[in-house]
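Welcome! Please open the sequence and the 3D view side by side, and work through the exercises below at your own pace.

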Amino acid sequence: MHTAPSPQASAPRESDLHILKVLTESKNLALGNAVHARLIKTSQFDVVQSNHLVGLYCKCDRLSAARQLFDEMPERNDVSCNLLMAGYLHGGFPTQALSVFKLMSFGELLIHPNEYVFTTALASCADISALNEGRQCHAHVLKSGLVSHSYVRNALLHMYTKCLDMEYALGVFEGGSDFDLFAFNSMINGFLDNGQQSEAKNILSRMVKEIAQWDHVSYVSVLGLCADSKDPKFGGQIHGQILRRGMEYDDFICSAIVDMYGKCSDVQNAVLAFHGLPSKNVVSWTAVMASCTQNGHFEESLKLFIQMADDGVRANGLTYAVALNSCAGLSALRSGDALNGHAEKTGCKFYLNVGNALINMYSKSGSVDDATKAFTSMLNRDIISWNSIINAYSHFGFAKEALETFHNMLAEEETPTYVTFIGVLSACAHLGLVDEGFYYLNRFMRELGIEPGKEHYTCMVGLLCRSGQLDEADRFMRDTRTEWDIVAWRTLLSACQVHGNHGLGYKVAEHILQLDPDDVGTYISLSNMYSKARRWDGVVKVRKLMRQREIKKEPGVSWIQIGNETHVFVSEDKKHPWMDQITEKIAELIAEIKLIGYVPSIACASHDVEDEQKEEYLRYHSEKLAIAFGVIRMPPGAAIYIMKNLRMCDDCHVAVKLISIVTNRKLIVRDANRFHCFESGCCSCDDYW
């Protein structure tokens, strides 16, 4: 017969339990080890004391010691299991937590889980998106009859929303009653993560009626909903409610407010909200920079980065990524280089998002070699890394490198996406690989479940055009069921110019002008076709039509960065302070390239004047002015990078190829259509653009 312990025997036990409780709360591992050793020596060891020690070891991050003690316990109960499981979960080992749960349910322990064990198990499933295990836990909860506990229901909702199984989450939500704020927050975030904005709004409507007092998570969730649905009016109301209720600003609310205004394209209020914050840290600085970058305010974003550094706030990986993407938007290679060096010094360079931003910045700033270095130096890569470098190669005309990288990606078992095939099909177009292009479009993409979009179909139009199959391209466009945009029809129109198929070109131009009577580029292309055919009456007709419709041709503008200063050149404009030296240098370069075969393409001059005057007009195209200035100011042999607002004309393209020979330089021109990398008399576009 079991007898109760005497008061004398129970007193030390109660004292030990009190001591262990205090040591656990204070995380005093040294004294805890001493108490453990004394209990072993005195053989006064029961399950309650062991549980306290397991809890102490878990709180002190000594999970191996906690597991060893757990395995050696002669008697274990549901508290023992939950303590160890919680230790694993909070220590970042949710898989081990689930292994303990499986021991309870299916293994040697055969201990019935209580509501706390189920809550911990479901949280572990949520942490690793283990949907199958989560459903098994759900089945056990139903069998045990513990689903009525609010924290078990909340754990079920949290698990399903984190696993993005919103159908099951909604079933749990609608099957219960009296849900608290945590449940509503979980449902709203789950629908937002799943891209289901209307469903999130439905839950929000219920939350407004049933929950009077919201917490920080609620406001962050609702602000996220406003951002995703681009509803600045409602977002402003939520911001006002936060201010009226005197909610304490934390990092998440601050960044959510700024992010909401930014995603609603309200940069002014995003910046005002940021400057109104009582305190600013790297999270809020990064949020306001991202708002500027997302809306094309790249210079403002970089100014904020400098202000942040002046305020002594240390940038993190996301901050560098945002700043580098701003440099990409400006094609600011020097600023991007400086950020690259800064990120390396602070140890942020090898973060995944920074590596991806470096590829983007270098590719959009005209340095595909540096983009390649950024890609190859990455410690880890994701699909964004692969897509960025593949599309960079394609955009620069390095089609073989693009396809080789694509095959390397497949070899590393990375699954291609919608964006991947834009770069791949563009590379096929550059190489004229018609059969391969149609294979990727009609078979490979379908096998992966990727529905081709207008970007892919436009690449196919370019592929057919580049191979000279203009009638097939025209037929492909008319037979393919997709919403063709102006870009695709312009691609066909440009091909008609390149291949001299003016008959089809006139028809395509007429079709484009029916779609968009104000499309300036089509008028210019039509005028150029008439000019090349020396049909000056047609040129006059187009110009008359442009005057009647009040359509003005945009002047050619090119710009080049020398040091920290950007120099802008407008075609036939001679107001630059260095114009005398530039004129002299142009004359010198033209004379040199004429010796190696340059003949001015006067057909590119849309002026009904004498040939000598046409040659003079061509000489002062904006890209020639910018390149001549770069030759004057840049060190011998240094690469020159310029940008132009319009497409390069045939004459400038031929001239710049030859200038790359006589100056022994790499000349990079980013025009309205693509990058042209001129080197040793060749262009990366293979003379097709």
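## Exercise 1: Two residues in loops

N664 sits in the loop between α36 (650-662) and β4 (667-670). Helices (H or I, at least four residues) and strands (E, at least two) are DSSP runs, numbered from the N terminus. This is a predicted model, in which local features need pLDDT of at least 70 and side-chain atom pairs count only at pLDDT 80 or more, while totals for chains, interfaces and linings use all residues. Residues are numbered from 1 along each chain as its sequence is written, and side-chain values use heavy atoms, with hydrogens and water left out.

Task: describe the phi angle and the exposure of N664, then do likewise for E413.

Solution.
- Step 1. Phi of N664 is near 55 degrees, a positive value in a residue other than glycine.
- Step 2. With a relative accessibility of 64%, N664 is exposed. Here, buried means under 20% relative accessible area, exposed over 50%, and partly exposed in between (1.4 Å probe, protein chains only).
- Step 3. Now go to the loop between α24 (399-411) and α25 (418-431), where you will find E413. Its phi is positive too, near 60 degrees, and E413 is not a glycine.
- Step 4. E413 also counts as exposed, at 73% relative accessibility.

## Exercise 2: Following the strands

Task: find which strands β5 is joined to by bridges, and why β5 is called largely enclosed.

Solution.
- Step 1. Start with β4 and β5, which run antiparallel and are joined by four bridges. Two strands pair if DSSP finds at least two bridges between them.
- Step 2. Look for L667, whose bridge partner in β5 is F678. Four residues lie between β4 and β5 in their hairpin.
- Step 3. Move on to β6 (residues 682-683), which runs antiparallel to β5 and is joined to β5 by two bridges. E679 has C682 in β6 as its bridge partner.
- Step 4. The hairpin of β5 and β6 has two residues between the strands, and S680 in this hairpin takes a positive phi near 55 degrees.
- Step 5. Strand β5 (residues 675-679) has four of its five residues buried, so the rest of the structure largely encloses this strand.

## Exercise 3: A residue in a helix

Task: is T161 buried or exposed, and which residues does T161 contact beyond its neighbours within four places in sequence?

Solution.
- Step 1. Locate T161 in helix α9 (residues 150-162).
- Step 2. The relative accessible area of T161 is 5%, so T161 is buried.
- Step 3. Setting aside neighbours within four places in sequence, T161 is in contact (heavy atoms within 4.5 Å) with M166, A169, S186, M187 and G190.

## Exercise 4: Looking for disulfides

Task: how many disulfides does a search of the whole structure find?

Solution.
- Step 1. A disulfide is a covalent bond between the sulfur atoms of two cysteines. The search takes a pair of cysteine sulfur atoms within 2.5 Å as a disulfide.
- Step 2. Searching the whole structure gives zero disulfides.
- Step 3. Take C226, which is buried with a relative accessible area of 1%. The closest cysteine sulfur to that of C226 is in C264, 7.0 Å away, so the two are too far apart for a bond.
- Step 4. C327 is buried as well, at 0% relative accessibility. Its sulfur lies 14 Å from the closest cysteine sulfur, in C292, which is too far for a bond.
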